[in-house]
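Work through the exercises below with the model open. Each task is followed by a worked solution.

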Amino acid sequence: MGKKHKIEYDREGCIGAAACAAVAPKFFEMDVENKAVLLDGKLNPETKKFERIIESDEDIVLAKESEDVCPVNVIKIKLMELAKKKEEEQKANGNQQE
Ligand code: SF4
């Protein structure tokens, strides 16, 4: 087992190039609007991005391939520990600004 990673997908920015679905059909499928759907993804209401947690090395490699092929970089693969840290930092910064 690898370390927990998060696939983060920003559907708003998807231009329907279908590259992700071609390399990683396990994670991405095209829908009727010709936009990618992150399979088993959950919408994070705060970020408005779809997320799915993955853990096996095989899945992480595959997900990173989809990140690499997306021409508009709306797929991000993040190490969970780092992603959490960043979110906490952002929240702390946000609170300071209020
Ligand atoms: S590769 Fe990027 S732009 Fe193309 S369908 Fe997938 S998410 Fe959308």
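Helices here are DSSP runs of H or I with at least four residues, strands are runs of E with at least two, and both are numbered from the N terminus. The model is predicted.

**Exercise 1. Describe the fold of the protein chain.**

Step 1. Count the elements: the protein chain has three helices and six strands.
Step 2. Put them in order. From the N terminus the elements run β-α-β-β-β-β-α-β-α.
Step 3. Judge the compactness. The radius of gyration is 14 Å, close to the 13 Å that the globule rule gives for 98 residues, so the protein chain is as compact as a globular protein of that length.
Step 4. Add the extents. The C-alpha trace spans about 45 × 35 × 20 Å along its principal axes.
Step 5. Check the contacts. Among those between residues at least 6 apart in sequence, 62% join residues at least 24 apart.

**Exercise 2. Place β1 in the structure.**

Step 1. Find its partners. β1 pairs with β5 in the antiparallel sense over five bridges. β1 also runs antiparallel to β6, again joined by five bridges.
Step 2. Fix the register. His-5 stands opposite Ile-54 in β5, and Glu-8 stands opposite Lys-76 in β6.
Step 3. Assess burial. A residue is buried if 20 or more other C-beta atoms lie within 10 Å of its own. Four of the five residues of β1 are buried, so β1 is largely enclosed by the rest of the structure.

**Exercise 3. Trace the largest nonpolar core.**

Step 1. Identify the best-connected members. The core has 17 residues, of which Ile-7, Cys-20, Phe-28 and Leu-38 touch the most other members.
Step 2. List the contributing elements. Two or more residues each come from β1 (5-9), α1 (19-23), β3 (36-38), β5 (49-54) and β6 (75-79).
Step 3. Look at Ile-7. Beyond its neighbours within four places in sequence, Ile-7 contacts residues including Phe-27, Leu-38, Ile-54, Ala-63 and Ile-77.

**Exercise 4. Characterise the shell around the ligand.**

Step 1. Name the nearest residues. Of the 14 around the ligand, Cys-14, Ala-17, Cys-20, Ala-36 and Cys-70 come nearest.
Step 2. Sort the shell by class. It holds 13 nonpolar, one polar and no charged residues.

**Exercise 5. Decide whether Lys-86 is buried or exposed.**

Step 1. Locate Lys-86: it sits in helix α3 (residues 80-97).
Step 2. Apply the cut-off. A residue with 12 or fewer C-beta neighbours is exposed. Lys-86 has 11 inside 10 Å, so Lys-86 counts as exposed.

Note on methods: Residues are numbered from 1 along each chain as its sequence is written. This is a predicted model: local features need pLDDT of at least 70, side-chain atom pairs count only at pLDDT 80 or more; totals for chains, interfaces and linings use all residues. A residue is near a molecule or strand if its C-beta atom, placed from the backbone, lies within 6 Å of it. Ala, Val, Leu, Ile, Met, Phe, Trp, Tyr, Cys and Pro count as nonpolar, Asp, Glu, Lys and Arg as charged, and the others, Gly among them, as polar. The radius of gyration is taken over C-alpha atoms; the globule rule is 2.2 Å times the number of residues to the power 0.38. Two residues are in contact if their C-beta atoms, placed from the backbone, lie within 7 Å. A nonpolar core is a set of buried Ala, Val, Leu, Ile, Met, Phe, Trp, Tyr and Cys residues joined through C-beta atoms within 7 Å. Two strands pair if DSSP finds at least two bridges between them.
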